[in-house]
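I am keeping these notes for a reader who has not met this structure before. Each entry records what I looked up and what I found.

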Amino acid sequence: MSANSVLLDFSLDPTRISDEVSRKDIVKLCKEHLEKYLDSLKITYDMLTEDGYLCVLSSGPIITTIRFFNQGLITINIEYYRAECEAPKISFEQIKSLETNLRLKLEAKRSKHLPPIKRGSNVDVYLTSSDERVIEYDIDKVLYDKRSDFQKIQIVHSKSLGNMLVLDELQNIAEADLIYTETLMRRGIENYKGKEICILGGGDGALLYELLKEEPKHVVMLEIDELVMQACNKYMNSICGDVLERRKADDFEIIVGDCMVYLNKYMKEGRQFDYVFGDLTDIPISDTPTGEIWDFIRTILEASFKVLKPDGRFMTHGNGVSCPESLQMYEEQLGKLTPAVTYTKCTAFVPSFMEEWVFYQVQRGSGAAASV
């Protein structure tokens, strides 16, 4: 069940909106066309606003608002509540027809319609891109929904992507996202055979599962959230195998705890790795590289290089290619590390993100950055 909001807009000559007679004619025209799909529409309220005019019409439980903006824009919003078993009050084909006919009758410069926006549903189908655009997914059920001490954890099912891990309303990984893991680890390019590896985060188990296929000497994974691992072990084992069930073997160990505690422990012990994977937070979208998350990113970078062998590499994901400013800020932080580091980066289209994602490979040394 959900509240459905049908959204249309029309751009007109601003003088037609500010003229009272013209405005009444437009309302009458809109009402006539709406009544082809909505029975017994009545104007229940109208008022002049600071920036134009508002008219409210009702047809039983369906409420329609027509909003005039003095700048030359008219918006029409049709809202109603719909049970899952009910047919739409106005179909998508009818919405398209309504927009086309009104655009012609209003002599609008341009017009636009959107399919119904579903609000208040038990299954939330809307997530966001890296640059905060709304993406609608074909999610049909929620398999797991709990809040840990650290975050909100959901496993949802998508008809096209399979099961998908969502943390704090952000998509993390889906069964269709092998390309994400393979690009993060640079499969076929990096050689992990016989290597010592540390994963920071990685609670979905996908990276650990794929790395173990490369015959490393040992992988230690440091994950703080036990509930994430329990959820993924039950609902995402197509991407993590049985590693989250076993937790420990000759070639790997999963430790539940704060990765910084263990990185500090490894520094004191002098333990070093060939690879450290930062499978933690994405690069933040912000105006400046300040705040708690940026501080955490800098701390992780500094600590990681203290436990890396001289020729070791730090591998991590960044953000979407649509966020160049944030990616540049991250690269500026890499430029401030001492000793100096160099980096390469590559991209891959990640199905569940529905966008191109950037991945970094960082190592000691100086020189120009490269894209792969």
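**Entry 1: a strand and its surroundings**

I began with valine 341, which I found in strand β19, a strand that covers residues 341–350. I was working throughout with a predicted model rather than an experimental one. Is valine 341 buried or exposed? Its relative accessible area is 11%, and because buried means under 20%, I entered valine 341 as buried.

I then listed what valine 341 touches, leaving out residues up to four places away in sequence, and noted Phe305, Leu334, Val362, Gln363, Arg364 and Gly365. For one of these, arginine 364, I also looked up the spacing: valine 341 and arginine 364 are 23 residues apart in sequence, yet their C-alpha atoms are 4.2 Å apart in space.

Just ahead of this strand I checked the loop between α11 and β19, which is where proline 339 lies. The peptide bond that joins threonine 338 and proline 339 is cis, with an omega of about -5°. I add for the new reader that most peptide bonds are trans.

**Entry 2: helices side by side**

Next I turned to helix packing, where two packed helices are described by the angle between their axes and the distance between the axes. For helix α10 (residues 292–306) and helix α11 (residues 324–335), the axes come within 11 Å and cross at roughly 40°. The two helices α10 and α11 are therefore oblique to each other, and their crossing is right-handed. I wrote down the residues that meet there: Trp294, Ile297, Arg298 and Leu301 in α10, and Ser326, Met329, Tyr330, Gln333 and Leu334 in α11.

How do the axes of α9 and α10 cross, and within what distance do they come? For helix α9 (residues 259–269) and α10, I found axes that come within 9 Å and cross at roughly 30°. That angle makes α9 roughly parallel to α10, and α9 passes α10 in a left-handed crossing. From α9 the contact is made by Cys259, Met260, Leu263 and Met267, and from α10 by Thr299, Ile300, Ala303 and Lys306.

**Entry 3: the nonpolar cores**

Which residues have the most contacts inside the largest nonpolar core? I found that this core has 39 residues, and that Leu165, Leu208 and Phe277 have the most contacts inside it. Helix α5, residues 206–212, gives the most to this core, with 5 residues. Apart from it lies another core, of 31 residues, which includes Cys198, Ile297, Leu308 and Tyr360.

I followed leucine 208 further and saw that it touches Ile199, Val219, Met221, Val243, Phe252 and Ile254, again not counting residues up to four places away in sequence. Of these, methionine 221 has isoleucine 254 as its bridge partner in β16. The strands concerned, β14 (residues 218–223) and β16 (residues 252–256), run parallel and are joined by 5 bridges.

On β16 I also found strand β15 (residues 248–249), which pairs with β16 in the antiparallel sense over 2 bridges. Lysine 248 stands opposite glutamate 253 in β16, and β15 and β16 form a hairpin with 2 residues between them. In the loop between α8 (243–246) and β15 I looked up arginine 247, which has a positive phi of about 70° although it is not a glycine.

**Entry 4: the open sheet**

My last entry concerns an open sheet of 6 strands, whose order is β2-β3-β4-β5-β1-β6 and whose pairing is antiparallel. Which strands are at its edges? They are β2 (42–49) and β6 (110–119), each of which pairs on one side only. Neighbouring strands of this sheet are turned against each other by 15° on average, direction ignored.

Within the sheet I looked at strand β3 (residues 52–59) and strand β4 (residues 62–69), which pair in the antiparallel sense over 8 bridges; there, glycine 52 has phenylalanine 69 in β4 as its bridge partner. Helix α2 (residues 20–34) lies across β2, β3, β4 and β5 (73–82), and runs at about 150° to β4. Helix α3 (residues 92–106) packs on the sheet as well, touching β1 (2–11), β5 and β6, and its direction makes about 150° with that of β6.

Finally I checked serine 40, in the loop between α2 and β2. Its phi is near 50°, a positive value in a residue other than glycine, and at 58% relative accessibility serine 40 counts as exposed.

Terms used
Residues numbered from 1 in each chain as written. Predicted model: local features only at pLDDT ≥ 70, side-chain atom pairs only at ≥ 80, totals over all residues. Heavy atoms only, no water. Core = buried A, V, L, I, M, F, W, Y, C linked by side-chain atoms within 4.5 Å. Buried < 20%, exposed > 50% of the residue type's maximum accessible area, 1.4 Å probe, protein only. Helix = DSSP H or I, 4+ residues; strand = E, 2+ residues; numbered from the N terminus. Contact = heavy atoms within 4.5 Å. Pairing = 2+ DSSP bridges. Axes fitted to C-alpha atoms, helices over the stretch in contact; angles between N-to-C directions. Parallel < 35°, antiparallel > 145°, perpendicular 65-115°, else oblique. Left-handed = near helix turned anticlockwise from the far one by under 90°.
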